[in-house]
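Hi everyone, thanks for coming. I'd like to walk you through one structure today, so please have a look at the screen.

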Amino acid sequence: MGEAKFTHGPWSAQRAIKPDNTGGYDFAVMDARGKIVAEAFEHVGLSDGSLASMRLPAGAYDARPVAANAALIAAAPDMFAALRNVQALIVEAAMTGFNCHSGTWAVRLYESQQDTSAALAKANPPPPPPSPGNEGGET
């Protein structure tokens with residue numbers, strides 16, 4: 001398998017401050033050098049003039065889906081690395097015959113499980129508090 005073509009991690013999700021200071025819940029996903037690799041928007045104007053939005057029926061906004069989407073995007077390099085490791089372990093086990101009691105299998109499987117769990121936790125952090133006007137947390 002060739003080298004990954006995407007921007008290498010780690011990535012992090014940061015709440016973005018809008019230049020016009022209008023508030024809102026946009027997130028920038030950035031690499032380790034602070035370069036933006038992706039964005040998650042609360043609402044955005046589309047080319048047909050319509051508005052795609054996370055707006056709730058009462059007109060309030062809920063940052064939780066936007067933050068969750070940004071976290072999932074930010075975890076992509078970690079999940080990719082964890083999956084590559086799991087794939088390598090499966091291929092090796094299939095080619096050599098898996099015996100968890102021989103060699104370093106137990107340690108390597110434990111480390112792989114730790115990496116996978118960390119990537120999943122990064123993709124699913126605790127949600128931020130609801131935005132003002134949406135204390136009930138409706139989505």
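I'll start with the whole chain, then go to a hairpin, and finish on the surface.

Please keep in mind that this is a predicted model. The chain has five strands and three helices. Starting at the N terminus, the order is β-β-β-β-β-α-α-α, so you can follow the strands along before you reach the helices.

Now some overall numbers. The chain has 139 residues, and 26% of them are buried. Its accessible surface is about 9,100 Å², with 60% of that belonging to carbon and sulfur atoms. As for contacts between residues at least 6 apart in sequence, 50% of them join residues at least 24 apart.

Let's zoom in on the hairpin of S2 and S3. Strand S2 covers residues 27-30, and four bridges join S2 to S3, with the two running antiparallel. If you want a pair to look for, find valine 29, which stands opposite alanine 38 in S3. Five residues lie between the two strands, and glycine 34 in this hairpin takes a positive phi near 85 degrees.

Moving on past S3, we come to phenylalanine 41. Where does phenylalanine 41 sit? You'll find phenylalanine 41 in the loop between strand S3, residues 36-40, and strand S4, residues 43-45. Why do we call phenylalanine 41 partly exposed? Because its relative accessible area is 39%, and partly exposed covers values between the 20% and 50% cut-offs.

Phe41 also has company: together with Val44 and Leu46, Phe41 forms a nonpolar patch on the surface. Together, Phe41, Val44 and Leu46 have about 230 Å² of accessible area.

That's my tour, thanks for listening!

Note on methods
Residues numbered from 1 in each chain as written. Predicted model: local features only at pLDDT ≥ 70, side-chain atom pairs only at ≥ 80, totals over all residues. Heavy atoms only, no water. Patch = residues over 30% accessible without salt bridge, like charges linked within 9 Å, V, L, I, M, F, W, Y side chains within 5 Å. Areas by Shrake-Rupley, 256 points an atom, 1.4 Å probe, with all protein chains shown as cover. Salt bridge = Lys/Arg side-chain N within 4 Å of Asp/Glu carboxyl O. Buried < 20%, exposed > 50% of the residue type's maximum accessible area, 1.4 Å probe, protein only. Contact = heavy atoms within 4.5 Å. Pairing = 2+ DSSP bridges.
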